[in-house]
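Good morning, and thank you for making time for this presentation. Please look at the sequence and the structure as they appear, and I will then take you through a few selected features.

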Amino acid sequence: MKSRSFEEEWAAKVKKVRGSNFWQQVSSPPSARIERAAQKPRRDEVAVDEGWSLMVQGEVRADGPAQRGLEDLRRFLRQQLGLRLKSQAGPRQIVLALDPKFKGSQDRWKKSFELQVEPERILVRAASEIALLRASLWLSNYWSLRRNPYLKLGRRRVKPSVSLHLGADLWGGFSTTQAWVHGRERDDNFLELARMGLDGFPLMALFEDYVDVDPAGPWGALYNPEAKANRKRLAQLARKAARCGVYPFLMAYNPKLAPDHPLFKTRPRARGALQGGGAFRTLCASDPATRRFIAESWASLFGEIPELGGLLAITGGEGFYHCYMRSRGAVDCPRCSQRPGSEAVAELVNAVAGAIRSRNPQARLLTWPYSANHWSGDRDQVAYIGGLDPENVIFQTEVDKDSVDWREAGYAKNVWDYSMSRVTPSERILHQRRLCRQRGLPFSVKLEVNTSIECLNVPYLPVLENQRRIWENARRLQAQSIHSRWLFDGSCKSPSEELGFWTIWGQGTEFADLKQTMAAIARRDFGEGAAPQVLRAWARFSAGMRHHPQLDYYVGTYFIGAGQPLVLRPEALSELDPAFFGVFYWLWEDTATDDDTALVQKKPLFFSRPGFSALARRGSRRGQDVALSELQEMARLWEQGMAELEKARPLVPAACRKRFAREYTLAQHLAYTWRSGARVEEFLRVRDTIRQFSGQLWVRSGHVRENMRDYQRLVELARAELQTARQDLKLVQGVDFLDLGLRLDMGVASAVEILEAKICQVEKLLAEELPRWREELLKW
């Protein structure tokens, strides 16, 4: 059977994702009835009941954001709190007032509003419809956590602590794959991103897809007959999202052209450095004409589509390509090889930012030197920060990346990418924050708050203590912007995302204290009686995650959980089930834009050799590799958390059981993942030890007792793994939010198919392969 092209696979995958129950869930407003709290309103509070009316005041559009907010607030009160408020004016009123005299702004990023709470009137005043929409969502989110529609009497101004909150699209929306999500431009669910406090979401934007040039002109070699249709589709998406105060940000990819592309013959000075081991060339932005062309091409989109929010320029290791990015010093570019990289890249970023903001002053450009140290030679990007334009550019950096995290076991975890186990800010970000403050350069902090590199196979990790501390780290940095989730981490309205909402919008409320927010989430979602046990479970899960020893991408327990095969012969991987192999779509990064090899080429999703290492250099275990014991401790602590959830189960009220079942299933799947990960690592280590002492016949005979002892351990581990795989298979059947086949950042089999393949593989291992090897080990 001929394999399907990437386009066919992608279309089928998107259709399946958009037909899933989980997509429908994350796309829809919350509707579960909230069990009202027993507490009465305090003496300084007013309580809303069915005697109140809800209305909008001022010249608002019939289908505009203010009306959308009003309808959503009415729905929340009716569906979730059981209150049907009147539409006509009455003696007690909630009024959303669009007030041009209000001291506010039409600036899309300034969303403040005023609350004036009196015994018989709640007046919400704002200068823009978007701010009124945000006020409606703030009220429903606040009353949801209070579990009662109470507000403190008095007047106060409510505003977010950052002007821009950027995060990935909804689960099932735009991801790290550069392909368009068919149908997303027609969706009407962007309110769910606003509900979580988002102002914008990034989407992959390839220069070649949108550049609109005259085919007979000087840049005609880049002509794309689909460009106008692509721009029209992008505009449709932006208009839909902007109705909810959410704006697309272009995750901008500058051209990656074949080395012999015709453009380099007609425009030889545009010919940039060879990149990716000879796979492609970039455009050279040190050439003034080329730099203007790049800047004006991106800017034209913002002139044509004012609803775009801005541009995200990753200038480190991917995306916003320039001569230094993957070229080892731009050695074959006659211009860039003679310049400091930080100077040339800052010049390009400043030019693009200036051009964009000349077309749309409300647009924002964030530059993010993710992994730029490999070409800049500077951990903290001091020179790069020094060259950026404070008037037009926001500098973004990660809260934890490019650092080490020392652990009690005596080793330092290399945090070379996002981690949910490091819960303190790095030295690097603290230094960069000081530099930006000194220059007056706006600052954005990058977080991961649902998942992390340690485990990318679930919608979110229930490690709320760690996530709380990460959000608090961001708040202490006093940034102008927060980018809370990357494109592999779609919004699923998780508890951690809710913590983020109150990190940004909680000032002046009890939920500015994120510990109180966590407790309120637990009480609302799982009931008063079960909340203490759930909080203890989250604490155990968080402590367990802080023992995760290492980072890796999309392999083993980092991605397929308990589905890893137990590889006895690493030299014979081709004999394994195809379900254990997948397509890493993001490896397209290493190829020219029009080369789709990486989008169809399969690679192993598992470890065939030991995958973890953590050398203790301090303390009583100095000189020892403690990775396996750390994996085992993580699994033990997670299992303690599951015991707390078991205690909580009989205490969960009927209204909360569906939500509890989802949390329990997620946590149990992860418990199986961590225990399996420890076993697989031990299996591979023990296997290698036997191989080390059995290759030569005289060595084999001299180590027969030890080899048989270790062989028996392999059998024990395989039997335990078989049981875990069967348990996990039963658990994940029909659970689409754990279905790896629905991931839009990878091309892999479903979780069920992978676990079924694991069961078959381990059954054969126990019945045939291990006994056969035992016989070989006893021959000399």
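Cysteine 455 has a relative accessibility of 0% and therefore counts as buried. I should say at once that this is a predicted model. Is cysteine 455 in a disulfide or in none? Cysteine 455 is in none, and the nearest cysteine sulfur, which belongs to cysteine 492, is 13 Å away. In general terms, a disulfide is a covalent bond between the sulfur atoms of two cysteines.

Cysteine 323 offers a second case. With a relative accessible area of 1%, cysteine 323 is buried. Its nearest cysteine sulfur is that of cysteine 336, at 3.7 Å. A disulfide requires the two sulfur atoms to lie within 2.5 Å, and cysteine 323 is accordingly in no disulfide. For the structure as a whole, the count comes to 0 disulfides.

I turn now to charged pairs. Side chains of opposite charge can pair when their charged atoms come close. How many salt bridges does the structure hold? There are 64 salt bridges in the structure, and I will present three of them individually.

The first pair on my list is aspartate 99 with arginine 125, whose side chains meet in a salt bridge at 2.8 Å, N to O. Aspartate 99 sits in the loop between β3 (92–98) and β4 (113–118), while arginine 125 belongs to strand β5 (residues 121–126), so this salt bridge ties together parts that are 26 residues apart in sequence. Both aspartate 99 and arginine 125 are buried.

Next comes the salt bridge between arginine 428 and glutamate 398, in which the closest N and O atoms are 2.3 Å apart. Here distant parts of the chain are linked: arginine 428 is in helix α13 (residues 427–439) and glutamate 398 is in strand β15 (residues 393–398), with their positions 30 residues apart in sequence. Arginine 428 is buried, and glutamate 398 is buried as well.

The remaining pair joins two helices. Glutamate 639 and arginine 675 form a salt bridge, with their closest N and O atoms 2.9 Å apart. Glutamate 639 lies in helix α18 (residues 627–648) and arginine 675 in helix α19 (residues 657–692), so that distant parts of the chain, 36 residues apart, are linked. Is glutamate 639 buried, exposed or partly exposed? Its relative accessible area is 33%, and glutamate 639 is therefore partly exposed. Salt bridges can also share partners, and in this way Arg42, Asp44, Glu45, Arg146 and Glu510 are joined into one network.

Let us proceed to the packing of helices. Two packed helices are described by the angle between their axes and the distance between the axes. Consider helix α14 (residues 464–476) and helix α17 (residues 531–545): their axes come within 6 Å and cross at roughly 75 degrees. This crossing makes α14 roughly perpendicular to α17. Which residues make the contact? From α14 they are Leu464, Glu465 and Asn466, and from α17 they are Trp538, Ala539, Ser542 and Met545. Sorted by class, the contact of α14 with α17 comprises 4 nonpolar, 2 polar and 1 charged residues.

Following α17 along the chain, we come to the loop between α17 and β20 (581–583), where tyrosine 554 is found. Tyrosine 554 has a phi near 50 degrees, which is a positive value in a residue other than glycine. At 3% relative accessibility, tyrosine 554 counts as buried. Aspartate 402 is also not a glycine, and its phi is positive at about 60 degrees. Aspartate 402 is located in the loop between β15 and β16 (403–406), and with a relative accessible area of 18% it is buried.

Two individual residues complete the presentation. Serine 342, in helix α10 (residues 341–359), counts as buried at 11% relative accessibility. Setting aside residues up to four places away in sequence, serine 342 touches Trp375, Ser376, Ala383 and Tyr384.

Aspartate 188 is found in the loop between β8 (164–166) and α5 (191–195). With a relative accessible area of 41%, aspartate 188 is partly exposed. Beyond its neighbours within four places in sequence, aspartate 188 is in contact with Arg68 and Arg243. Aspartate 188 and cysteine 244 are 56 residues apart in sequence, and their C-alpha atoms are 9.3 Å apart in space.

Note on methods
Residues are numbered from 1 along each chain as its sequence is written. This is a predicted model: local features need pLDDT of at least 70, side-chain atom pairs count only at pLDDT 80 or more; totals for chains, interfaces and linings use all residues. Side-chain values use heavy atoms; hydrogens and water are left out. A salt bridge is a side-chain nitrogen of Lys or Arg within 4 Å of a carboxyl oxygen of Asp or Glu. Helices (H or I, at least four residues) and strands (E, at least two) are DSSP runs, numbered from the N terminus. Buried means under 20% relative accessible area, exposed over 50%, partly exposed in between (1.4 Å probe, protein chains only). Axes are lines fitted to C-alpha atoms, for helices over the stretch in contact, and angles run from 0 to 180 degrees between N-to-C directions. Angles under 35 degrees count as roughly parallel, over 145 as roughly antiparallel, 65 to 115 as roughly perpendicular and the rest as oblique. Contact means heavy atoms within 4.5 Å. Ala, Val, Leu, Ile, Met, Phe, Trp, Tyr, Cys and Pro count as nonpolar, Asp, Glu, Lys and Arg as charged, and the others, Gly among them, as polar.
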